[in-house]
Amino acid sequence: MAQYNRLRELDFLRGVAIILVLIRHSSINHFLVNIGWIGVDLFFVLSGFLVSGLLFKEYKRFGKLNVKRFLIRRGFKIYPLFYITALPYILLKILDGNFSFTQLLGDLTFLQNYVSNWGYLYSAGWSLAVEEHFYLGIAAILYLGQKTSLFKNATLEKDVWFDNVVRIILLILTSVLCFRLMSNYYLFNNAKLFSLTHLRIDSLLAGVLLSYFYYFKFEKLKEYYLNFHKPLLILSFLCLLWTPFINPVPSFFVKTIGFSLLYLSFSILLLSFVLDKRVNQKLDSIFTNFGANFISKIGFSSYSIYTIHTLINILILKIQVKYELFYNPYLYFLLTSSISIFSGLILTNYVEKYFLNLRNKYYPSRVKTITSANKN
C-alpha cells in the first residue's frame with residue numbers, strides 16, 4: 001500500500017480547486033465556466049480547516065497559543081510570493097496607463113475587496129484579502145478565547161455537539177447569511193456582494209467548525225460519519241447540483257443561500273477525505289495513481305498558480321491580439337493553464353520554498369497539522 005508523507009488527499013482537493021479557478025477564467029464552455037467559480041469556496045473551507053487546525057493542535061498540546069509565531073509563519077507563507085508576483089502586474093498597469101496609487105495601496109494592504117471591486121492588480125485578488133482577514137481574525141479571537149474559561153471548558157466537552165464554541169460559530173454563520181440577505185437589498189454592486197469579507201467569511205468558518213470537531217470531538221465525529229456517510233455524500237452532491245446552470249455574479253440565490261450550500265457541500269466532502277482511510281486508494285482507482293499524484297502536485301503549488309495565472313492570461317491574450325493569431329478557446333485554455341501550472345511549480349520550488357525554509361529556520365513550528373485521517 002502506498003504511503004504519503006503529506007496529506008496527498010488534501011493536496012488533491014487543492015488541485016481540484018485551482019483547476020476550477022483556471023476554468024473559471026477561461027471561455028472553454030459555458031457550463032464549466034459557471035462551475036469554475038466554486039473553486040474559491042473549496043479553497044476557503046480547506047484553509048479554514050487547516051489553518052485553524054494548526055492553532056487547535058497547538059492548544060491541545062501546550063494549553064495555550066503563540067499567536068505572534070502563528071502570524072509570523074503565515075506572513076512568510078503569504079507575503080513574499082504575493083509581493084514578488086505583484087511586480088509584473090504593477091508594471092502592466094503602468095504600461096497600460098491604468099495606474100492608481102489608491103487602488104494599488106488597497107491591494108498591497110490586502111484591502112482590495114473593499115477598495116476595488118474585485119482587486120486592482122488582478123480580479124482574483126479579492127479572495128486573498130478574505131483569507132488574510134481570516135488569519136488575523138481567527139488569531140485574535142482564539143488569543144482572547146484562551147484568556148477565558150469559556151474556550152477551555154468547551155474543549156473538554158467531548159461528548160457534547162453544541163458547546164459554547166460551536167454555538168458561537170453557528171451564530172456567526174447565521175449572522176453572515178443575514179448580512180448577505182440584507183446587503184443584496186441595499187448594495188447594488190455585484191462584485192462587492194461577491195467579495196466583501198464580512199459576506200464571505202462563513203466559508204472559512206465552516207472549515208473552522210469542522211476542524212474544531214476533528215480536534216476536540218474526534219470520536220463523536222468519526223462515529224457520526226461512519227453512521228451517516230452515504231446520505232451526507234448525497235447531500236453534498238445535491239448542494240452542488242445547481243452550479244453549472246446559474247451565472248453566479250448577478251444571481252441573488254448564489255449571493256445568499258448559494259454560498260451557504262457550497263460550504264455545507266465542501267465541509268462534507270472534506271470530512272470524507274480526512275476520515276476515510278481508503279481515500280487515497282479510491283483516488284488512485286478513479287484517476288490512476290499518476291493522475292491523482294499530478295493533481296496533488298498542482299494542489300501543492302496552488303497558491304503560486306493562483307497568484308500568477310491572471311498574468312499569464314493577460315500576456316497570452318495580448319500576444320494573440322497583437323499578432324491576430326487564431327483563437328480557439330480550448331487551445332487557449334490548454335496553453336494558458338499549462339504555462340500557469342509550470343510557472344507555479346517554479347515559483348513554489350524556488351521562491352516560496354526559499355522563504356518557507358527561512359521561516360522554519362528562525363520560527364519553527366511548534367506542531368504539525370494532521371498527519372493521517374485516522375489520528376486524533
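A residue counts as buried when its relative accessible area is under 20%, as exposed when that area is over 50%, and as partly exposed in between. Threonine 288 has a relative accessibility of 44%, a value between those two limits, and therefore counts as partly exposed. This report concerns a predicted model, and the same classes of accessibility are used throughout.

## Backbone angles

Threonine 288 is located in helix α14. Its phi is near 70 degrees, which is a positive value in a residue other than glycine. Most residues other than glycine have a negative phi. Phenylalanine 110, likewise not a glycine, has a positive phi of about 60 degrees. Phenylalanine 110 is placed in the loop between α5 and α6 (112–115). Because its relative accessible area is 3%, phenylalanine 110 is classed as buried.

## A nonpolar patch on the surface

Ile94, Phe99, Phe101 and Leu105 make up a nonpolar patch on the surface. Together these four residues have about 420 Å² of accessible area. Leucine 105 belongs to helix α5, which covers residues 101–108. With a relative accessibility of 44%, leucine 105 is partly exposed. Membership of a patch requires over 30% relative accessible area, and the 44% of leucine 105 therefore satisfies that requirement.

## Salt bridges

Nine salt bridges are found in a search of the whole structure. Three of them are described here, with their nitrogen-to-oxygen distances.

| Acidic residue | Basic residue | Distance (N to O) |
|---|---|---|
| Aspartate 11 | Arginine 14 | 2.5 Å |
| Aspartate 163 | Lysine 217 | 2.8 Å |
| Aspartate 202 | Arginine 180 | 2.8 Å |

The bridge between aspartate 11 and arginine 14 lies within one element: both residues are in helix α1, three residues apart, which is about one turn of the helix. Aspartate 11 and arginine 14 are both buried.

The side chains of aspartate 163 and lysine 217 also meet in a salt bridge. This pair links distant parts of the chain, with the two positions 54 residues apart in numbering. Aspartate 163 is in the loop between α8 (149–155) and α9 (164–186), while lysine 217 is in the loop between α11 (197–216) and α12. Aspartate 163 has a relative accessibility of 1% and so counts as buried. Lysine 217 is buried as well, because its relative accessibility is 1%.

In the third bridge, the side chain of aspartate 202 meets that of arginine 180. Here, too, distant parts of the chain are linked: aspartate 202 is in helix α11 and arginine 180 is in helix α9, 22 residues apart. Aspartate 202 counts as buried because its relative accessibility is 0%. The value for arginine 180 is 0%, so this residue is also buried.

## The second largest pocket

The second largest pocket holds about 720 Å³ of space. Its lining consists of 30 residues, and those nearest the centre are Leu13, Leu233, Leu269, Ser272 and Phe273. Two or more lining residues come from each of the helices α1 (8–24), α3 (38–62), α12 (218–240), α13 (254–275) and α14 (279–300). Helix α12 gives the largest share, eight residues. By class, the lining of this pocket has 22 nonpolar, four polar and four charged residues.

Two of these contributing helices have already been mentioned. Helix α1 holds the salt bridge pair aspartate 11 and arginine 14, and helix α14 contains threonine 288.

## The largest cavity

One cavity reaches 30 Å³ or more. The volume of the largest cavity is about 40 Å³. The residues that line it are Leu22, His25, His309, Asn313, Phe333, Thr336, Ser337 and Ser340. Helices α15 (302–322) and α16 (329–362) are the elements that give two or more residues to this lining. The largest share, four residues, comes from α16. The lining of the largest cavity is made up of two nonpolar and six polar residues, with no charged residues. For the second largest pocket, by contrast, the lining includes four charged residues.

Key: Residues numbered from 1 in each chain as written. Predicted model: local features only at pLDDT ≥ 70, side-chain atom pairs only at ≥ 80, totals over all residues. Heavy atoms only, no water. 1 Å grid on protein atoms, 1.4 Å probe; cavity = no way out; pocket = protein on both sides within 12 Å on 5 of 7 lines; lining within 4 Å. Points joined across faces, edges and corners; volume = space filled by probe spheres on them. Nonpolar A, V, L, I, M, F, W, Y, C, P; charged D, E, K, R; others polar. Patch = residues over 30% accessible without salt bridge, like charges linked within 9 Å, V, L, I, M, F, W, Y side chains within 5 Å. Areas by Shrake-Rupley, 256 points an atom, 1.4 Å probe, with all protein chains shown as cover. Buried < 20%, exposed > 50% of the residue type's maximum accessible area, 1.4 Å probe, protein only.
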